[in-house]
Every structure is written in C-alpha cells, then in structure tokens.
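Subject: Handing over a structure

Hi,

Here is the structure I promised to pass on to you. Have a look at it first, and then read on for what I found in it.

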Amino acid sequence: MGDTDERRKCNRTAFVTVGTTSFDTLVRAVDTREVKEVLSKKGYTHLLIQMGRGSYIPQKSTGEDGSLTVDYFTFSSSIADNLRSASLVISHAGSGSIFETLRLGKPLIVVVNEDLMDNHQSELAEELADRKHLFCARPQTLYQVIAAMSLESLIPYPPGDASPVAKLINRFLGFPDD
Amino acid sequence: MEIGNSCCFFNLKSNVSTLLITITVTLVVIRFLYVIYWCGKPLRKSLQPISTLIVLGSGGHTAEMLNLLSVLQTDHFTPRFYIAAATDNMSLQKARVFENSLINEAGGEVIELAQFMQIYRSREVGQSYITSVVTTLVAMAHASWLMMKIRPQVILCNGPGTCIPLCVIAFFFKVLGIRWSSIFYVESIARVRRLSLSGLLLYKLRMADQLFVQWPRLQSKYPRAHYVGRLM
C-alpha cells in the first residue's frame with residue numbers, strides 16, 4: 001500500500017507515439033524486457049504506447065510487482081494531453097510529432113523507421129539531434145540510447161517563425177508591410 | 001493547264017499553312033520566354049485582395065501550411081480555395097477548423113467564405129504504371145477543370161504531389177494569358193539536405209515564382225531558393 005502511494009506521487013510516464021503510421025518494429029522494441037528495465041532504472045514508472053495502425057499488440061501490465069505500468073491505445077483525436085503529461089517521449093520521425101513535442105519542451109527520442117521506402121524523415125531527426133534538441137535512435141539501438149541519455153545535455157528548441165516568409169510574400173505581391 | 005493550276009493552288013495552300021504554323025509557333029515561343037522572364041519578378045503595389053489557392057497534403061504538409069496561413073493577413077488573401085487529394089479527409093477538416101477560427105475572430109463577419117475541394121490523385125502508392133497513365137490523364141483533366149473554375153492569382157504549396165499538376169496548369173495559364181498566378185512554394189521543414197521531388201521539379205523547371213527553404217544547406221545547394229529559417 002505504501003509503495004503504490006509513493007509511486008502515485010511521482011508518476012513519470014514514458015510516452016511512445018507512432019502517429020497515424022504502423023511502426024511495429026518500434027512497439028516491439030519498447031515491449032522488450034531490457035527496454036522496460038532500463039526505463040524503470042532511469043526512474044520512469046509508466047509506459048504508455050500509442051500504437052497507431054500497427055498490428056503488434058504490446059503486453060499490458062499493472063506494475064504491481066514494482067515493474068513498469070504498461071498500457072497502450074491505437075489512436076486519439078489529439079495526443080497533446082499525453083505529450084503534456086509525459087516525462088519522456090519516444091516518437092516516430094514524423095515532423096508533426098517532433099515539433100509538437102519540442103514545442104512542449106519535453107525530452108524526446110526520435111526513432112527512425114528504416115522499413116519506410118523513401119526515408120527523408122531521418123534527415124530531420126539527424127539534424128535536430130546534431131543540434132542537440134533531441135536524441136536519435138533506431139529500434140535496435142533504443143535500449144543503448146535510453147541507457148546513455150543525459151537529459152541535461154538537451155538544448156531547448158527555439159520556436160520557429162513564419163513571419164519572414166510572410167514578409168517576402170507580401171513584398172512580392174506588392175502588399176504593404178503590416 | 002488545269003492540272004498545272006491545281007498544283008499551283010496546292011502549293012499556295014501548303015505555303016500558307018506552313019507560314020501560319022511558323023508564326024503561331026514563334027508567337028508561342030516568344031510568349032513562353034516572356035513568361036519565364038517575368039516569373040519571379042515582384043508585382044506592382046496593390047491593396048486589392050487576391051484569390052488564393054492553398055494546396056494541402058497528408059503528413060505534416062497541412063500543419064505546416066496552416067502555420068504559414070496564420071501569419072498572413074487573410075484579408076489580403078481572399079477568396080481562399082483549399083485543395084486536398086481525394087483520399088485525404090483530415091486535411092480539409094483541419095482547414096475548415098482554421099477557417100472557422102478566422103470567422104470567430106472576425107466576430108462572424110466574413111465577406112467571402114473559403115471553399116474546399118478534392119482532386120483526384122495521379123497515382124496511388126504501388127499502382128501499376130500502365131493504369132497510372134490513365135489515372136494521371138484523368139487527374140490532369142480534373143485539375144484543369146478545377147483550375148479553370150478557380151483561376152487563382154496566388155498558389156501556396158509546400159510539397160505534396162498534388163501540387164505539381166496544379167502548378168503545371170497554372171504555368172500554361174500564364175503562357176496562354178488565361179490568368180497570371182504567382183506560385184509560392186515553401187519546402188517542408190522535414191527537407192534538410194535535399195529538396196523533395198515536387199520542390200526539385202518546380203526549382204529546375206523554374207515554375208515557382210519564389211521557392212523558400214527552411215534549412216541553410218538547401219540554400220547553398222539551390223542558390224535560387226530563398227532561405228527563411230524554420231517556420232515551425
């Protein structure tokens with residue numbers, strides 16, 4: 001009883017999201033004992049998996065035995081709330097997921113789906129990882145990346161600004177600057 | 001004598017036809033070069049609102065496009081026409097939500113409502129190339145029909161394949177003098193080192209009036225592009 005109260009006090013959720021895609025390789029990788037153990041060791045108490053169109057179903061766990069509490073769902077109309085209440089986000093490399101997470105200032109591990117035919121997504125993930133805004137991993141290296149990650153080394157992503165483009169478009173069309 | 005006359009007449013006819021064809025081709029080429037020259041040159045100062053075609057796409061495309069629209073003075077860019085692929089329902093839905101928020105901000109007073117349309121795709125993923133020829137022709141015909149109806153003065157696009165038929169038709173409208181559409185292409189934030197296929201086509205064929213990129217490496221690789229930093 002005491003233990004559950006302790007854990008309810010500090011709920012640290014690792015949220016996994018694949019967006020609208022099917023990314024069984026990632027869900028499988030997260031559902032392994034080693035990844036769950038390293039997440040637990042790093043202080044996470046809950047693992048929530050948004051599995052999208054995938055067919056691999058992870059195992060739920062109530063975490064009564066002191067291990068990670070695991071739950072999953074397929075889709076939701078907006079994962080904003082899940083992102084907001086997460087302490088760590090593990091996401092596919094879709095730009096929407098990436099920027100939504102970075103805007104909320106959450107630590108992010110981006111996992112590139114190597115089964116995709118035209119993998120331009122890795123360009124963005126690698127560039128942002130080079131700039132230290134997130135960590136980049138492949139499903140096979142997810143365990144090592146989690147084990148080695150130091151959240152303090154992450155640099156917050158400076159918010160984007162669309163007004164330079166708007167200015168150029170307005171000038172081109174002969175509209176006055178606002 | 002009669003045979004001689006008809007021979008002369010035939011020669012005259014074929015000479016006239018050749019002359020007409022040559023003149024037409026020359027005029028078209030001159031017009032073509034004129035359009036290429038004026039593409040990318042800014043327009044004169046104006047306060048009139050201009051009709052705008054906005055091309056949406058699955059994945060991050062629509063989110064990025066709506067992000068751009070949120071900083072544009074929508075009073076200047078109206079009426080607005082949103083186009084998405086026939087198989088993409090979420091994009092038009094997101095656009096409707098955006099337009100509704102604009103109506104709410106304006107206190108319910110809006111001069112012109114936005115319109116939402118769907119366009120047939122040239123080719124689905126994995127479709128055979130033989131049937132693709134037919135579907136591409138159908139898609140082009142449909143795109144021409146829509147463009148004829150809309151005749152936008154501005155086209156905003158950021159990458160989905162659906163924008164290519166529309167931009168090609170817009171270019172022909174320029175050449176034929178049907179409508180001068182200024183085409184603005186913003187390459188997706190996900191393109192860091194290479195342009196997408198749509199971006200590359202519009203860049204190489206010089207069909208976009210202005211092509212914007214969000215990462216510096218693309219500016220050095222494609223000097224005629226404008227580097228504008230990250231939009232998201």
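How many salt bridges does the structure hold over all chains? There are 11 of them. Please keep in mind while you read that this is a predicted model.

A good place to start is where the two chains meet. On the chain A side, 28 residues are in contact with 40 residues of chain B. Together the two chains bury about 3,100 Å², and carbon and sulfur atoms account for 65% of that area. Three residues are worth finding on your screen: Glu123(A), Phe172(A) and Phe175(A) supply 25% of the area that chain A buries against chain B, more than any other three residues.

Salt bridges turn up here too, with a count of 3 between chain A and chain B. One of them involves Glu123(A), a residue you have just met: its partner is Arg194(B), and the closest N and O atoms of this pair are 3.1 Å apart. Polar contacts between the two chains come to 9 residue pairs, counting pairs with both residues at pLDDT 80 or more.

Which elements of chain A give two or more residues to the side that touches chain B? They are helix H5 (95-103), helix H6 (121-130) and helix H8 (163-173). H8(A) provides the largest share, 9 residues. Sorted by class, this side of chain A has 14 nonpolar, 6 polar and 8 charged residues.

Now for the inside story of chain A. You will find an open sheet of 6 strands there, paired in parallel and ordered E3-E2-E1-E4-E5-E6. Strand E3 (69-73) and strand E6 (135-137) of chain A are at the edges with a single partner strand each, so one side of each has no neighbour in the sheet. On average, neighbouring strands of this sheet are turned by 15° against each other, ignoring direction.

For a more detailed look at one pairing, try strand E1 (residues 13-17) and strand E2 (residues 46-50) of chain A: they run parallel and are joined by 5 bridges. Within this pairing, Val16(A) has Ile49(A) in E2(A) as its bridge partner.

Finally, here is a salt bridge within chain A. Arg33(A) pairs with Glu37(A), with 3.2 Å between the closest N and O atoms. Both residues belong to helix H3 (residues 33-41) of chain A, where they are 4 residues apart, about one turn of the helix.

Happy browsing, and best wishes!

Methods:
Residues are numbered from 1 along each chain as its sequence is written. Chains are lettered from A and ligands numbered from 1 in the order in which they are written. This is a predicted model: local features need pLDDT of at least 70, side-chain atom pairs count only at pLDDT 80 or more; totals for chains, interfaces and linings use all residues. Side-chain values use heavy atoms; hydrogens and water are left out. Contact means heavy atoms within 4.5 Å. Buried area is the accessible area (1.4 Å probe) that two parts lose on being put together, summed over both. A salt bridge is a side-chain nitrogen of Lys or Arg within 4 Å of a carboxyl oxygen of Asp or Glu. A polar contact is a pair of N or O atoms within 3.5 Å; within protein, one must be able to donate a hydrogen and the other to accept it, and residues adjacent in sequence count only if both atoms are side-chain atoms. Ala, Val, Leu, Ile, Met, Phe, Trp, Tyr, Cys and Pro count as nonpolar, Asp, Glu, Lys and Arg as charged, and the others, Gly among them, as polar. Two strands pair if DSSP finds at least two bridges between them. Axes are lines fitted to C-alpha atoms, for helices over the stretch in contact, and angles run from 0 to 180 degrees between N-to-C directions.
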